[in-house]
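Biologist: I am new to this structure and would like a close look at a single part of it, the surroundings of the ligand and the sheets that lead away from there. Please explain each term as you reach it.

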Amino acid sequence: MDNLPALESFALQMSSNPSSDKCLSQDFNQLIPTSEDISYADSESSLCLSWRNILYQVDLHHNEETILKGVSGYAKSGTLTVLMGSSGAGKTTLLDIIAGRIRASDNTKISGEILLNGAAINVLSRKHTIAYVTQEDVLLPYLTVKESLSFIAKLSMPGPSEKITEKVDQIIKKLKLGQVSDNLIGSVIVKGISGGERKRVSIGMELISDPQIVILDEPTSGLDSFTAEVLIDVLLDLSRDGKIVISTLHQPSSSIFNKIDKLILLSNGCTVYDGPSSKSRKYFSKLGFSCPKLTNPADYYMNLLHIIDRKNMTEEEKNILNTLTSVYETKDIIQNIPIPSSNSLAIKSPQKISNFRKFCILCDRGFINARRNPGALIAWLMLLIVIWVLTDLLFHDLGNDFHSIQNINGVLYFITMNAIMSGNAYSAMGIPSERPIYLKEYNKGIYGTFIYILAKLISELPFHLLGAAMTALMLYFALDLNLNAGKFFIFCLIFFLGHQMGGGLGYIVGAMCKTQEIALAISQIFVAPLNAYGGMISMSRLNYIFSWITYFSPFYYTFQAFTVNQYTDMNFNCDPNGPKCDPLDDLEFDFSIEMCIMAIIIYAILTRLISLIVLKILGAKQK
Ligand SMILES: Nc1ncnc2c1ncn2[C@@H]1O[C@H](COP(=O)(O)OP(=O)(O)OP(=O)(O)O)[C@@H](O)[C@H]1O
């Protein structure tokens with residue numbers, strides 16, 4: 001690096017180890033910009049969020065690593081504060097701690113203070129005061145921009161619908177989303193709004209609750225420089241409205257860099273600069289790190305602070321870090337943290353909305369999202385066609401002699417598998433795609449797990465009912481099964497309930513998995529033994545050990561219900577010269593149709609309750 005000779009005089013004075021747990025300091029504090037260097041939009045009503053001596057340590061396989069080494073700083077309202085630093089410097093960790101998203105655990109230690117206008121704010125208050133826009137956009141793909149904002153507004157704001165519409169319109173206008181307000185958010189399957197617009201919707205979702213502090217983790221990542229600049233303008237507008245806006249940025253263009261009010265630079269868990277971005281060039285130049293005239297200062301700082309391997313730093317990296325951390329005086333920054341009048345400070349608690357209203361809103365939102373999901377609809381229709389062709393070709397006209405019994409059993413088991421597996425796959429894939437949204441809204445206290453699961457179940461019910469009725473209708477008549485209105489109705493009911501049983505298992509697996517791919521793979525592993533013990537195949541080896549699995553198998557109850565429904569009051573000519581035979585005798589099933597249906601309903605409810613517990617534990621872990 002070009003700056004190495006300039007470092008030599010500093011390097012001689014350095015005796016400390018840069019990877020130690022404290023940010024170093026020596027007597028160079030005349031170089032450090034103070035809070036007076038920054039002018040604020042409205043000093044009377046301003047807010048100041050500060051963090052003091054934040055230390056974050058993680059225990060990695062009995063090796064304690066210090067990620068943040070006692071960093072301090074502040075951000076004021078009316079000012080866009082940007083956090084920059086090399087990859088792994090601790091930017092996201094610092095923002096997470098400020099927002100109360102990370103807490104101390106068995107293998108992590110956190111110490112330090114988070115203050116708002118000089119008064120400590122606890123984790124709970126921070127959650128209600130601070131809006132956090134994560135790097136990944138957590139949005140439902142099949143809602144429009146306006147619907148996404150309206151639903152979150154309805155879930156978080158009590159009051160008449162006019163007030164809610166007014167608020168949503170205001171946010172759409174502020175975020176310049178008017179042109180796309182009726183466009184879908186989109187997904188990999190359906191084309192939606194652009195990345196920059198999606199990020200603005202994510203910001204809008206957070207603004208609904210009117211937070212005083214907005215924190216953003218790399219909001220411009222993946223955006224081109226023009227779109228990134230539009231987003232930065234939005235953040236500047238928000239700060240000028242009197243909000244504290246803190247954002248990490250990876251590689252801002254020079255025109256974005258020039259718009260930043262306050263710059264905080266982190267390196268290896270230490271603050272190396274905290275002051276106006278406009279004065280950073282001069283500051284670094286005084287230390288011997290002159291940013292060439294035509295170079296973007298952001299690029300220059302990123303290169304300067306880059307550390308390839310924190311554990312094996314090169315001599316050059318150590319020297320640069322030593323120099324910067326030695327000069328930077330944390331205690332001066334702490335002393336200079338402004339404490340504005342606390343008149344404008346009001347820590348809001350979430351507004352109360354009845355659980356019934358939340359349930360109705362979630363049902364409505366879930367219904368719209370499910371209705372517009374073309375992937376699920378196409379998959380379901382294709383499955384229907386394949387099953388119909390297969391059953392009509394292979395099993396049509398089953399007859400009523402000895403051989404027909406085997407065929408009917410086979411086809412009933414095939415239908416059982418279809419009902420359960422389709423329900424299982426649908427739910428196992430549906431939950432992971434919504435999991436981030438559930439976790440985000442649950443952690444904000446917008447609704448509880450029970451309401452979420454119940455609303456999900458109810459909003460999907462019409463599609464399951466319709467799908468089950470169509471499949472059952474097609475299968476029943478393609479196969480010429482027991483032609484009796486009552487039996488047909490029970491057949492449809494069993495098919496629907498079997499689908500719900502599979503769905504219940506899918507809920508559990510989906511709740512445990514982060515991605516749809518993992519959920520689908522795990523659900524197959526989960527379902528395979530249950531399928532083997534479904535009652536169709538008689539197990540001989542090791543049956544004495546594993547026979548209990550039968551009672552946990554949804555296939556067992558559904559298949560039994562189908563066969564009892566089909567064969568009751570039906571006789572077969574097993575032996576043309578002998579007496580009529582009852583196929584149920586061979587199957588050795590001992591449940592009546594009512595008992596089977598009851599067992600299926602209990603199973604479907606219990607599995608959903610288990611998934612509810614899993615989601616609750618997951619939510620509690622992240623609180
Ligand atoms: N709980 C944890 N366990 C182990 N390591 C952790 C933990 N939390 C953070 N780290 C490590 O701390 C370092 C800082 O992480 P952080 O995500 O804050 O970096 P960053 O500055 O935001 O980087 P980037 O710009 O690449 O996102 C990383 O090396 C990360 O692996």
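Modeller: I will begin with a term: a residue counts as buried if 20 or more other C-beta atoms lie within 10 Å of its own, as exposed if 12 or fewer do, and as partly exposed in between, with C-beta atoms placed from the backbone. G88 has 18 C-beta neighbours inside 10 Å, and it therefore counts as partly exposed. Please keep in mind that this is a predicted model, in which local features need pLDDT of at least 70 and side-chain atom pairs count only at pLDDT 80 or more, while totals for chains, interfaces and linings use all residues. Residues are numbered from 1 along each chain as its sequence is written.

G88 sits in the loop between β3 (80–85) and α2, where helices (H or I, at least four residues) and strands (E, at least two) are DSSP runs numbered from the N terminus. In space, G88 is 9.6 Å from D309, C-alpha to C-alpha, although 221 residues separate the two in sequence.

G88 is also one of the residues around the ligand, a shell made up of V58, L60, I67, G85, S87, G88, A89, G90, K91, T92, T93 and T108; a residue is near a molecule if its C-beta atom, placed from the backbone, lies within 6 Å of it. Two or more residues of this shell come from each of β1 (48–60) and α2 (91–99), and α2 gives the most, with three residues.

From β1 we can move to the sheet that holds it, an open one of four strands in the order β2-β1-β4-β5, paired antiparallel; two strands pair if DSSP finds at least two bridges between them. At its edges stand β2 (63–76) and β5 (119–120), each with a single partner strand, so one side of each has no neighbour in the sheet. Within this sheet, β1 and strand β4 (residues 108–116) run antiparallel and are joined by eight bridges, and the bridge partner of W51 in β4 is I114.

The strand β3, which precedes the loop of G88, belongs to another open sheet, whose six strands follow the order β6-β7-β8-β3-β9-β10 with mixed pairing. Its edge strands, β6 and β10 (270–276), each pair on one side only.

Further along this sheet, strand β7 (residues 213–216) is covered on both faces, since I213 and I215 on one side and V214 and L216 on the other are all buried. On one flank, β7 pairs in the parallel sense with strand β6 (residues 130–133) over four bridges, and V133 stands opposite L216 of β7. β7 also pairs in the parallel sense with strand β8 (residues 244–248), again over four bridges; there I215 stands opposite I246, and V214 has V245 as its bridge partner. Between these two strands the chain passes through helix α7 (residues 225–240), and this β-α-β crossover from β7 to β8 is right-handed, a term used when, with the strands pointing away from the viewer, the path from the first strand over the helix to the second runs clockwise.
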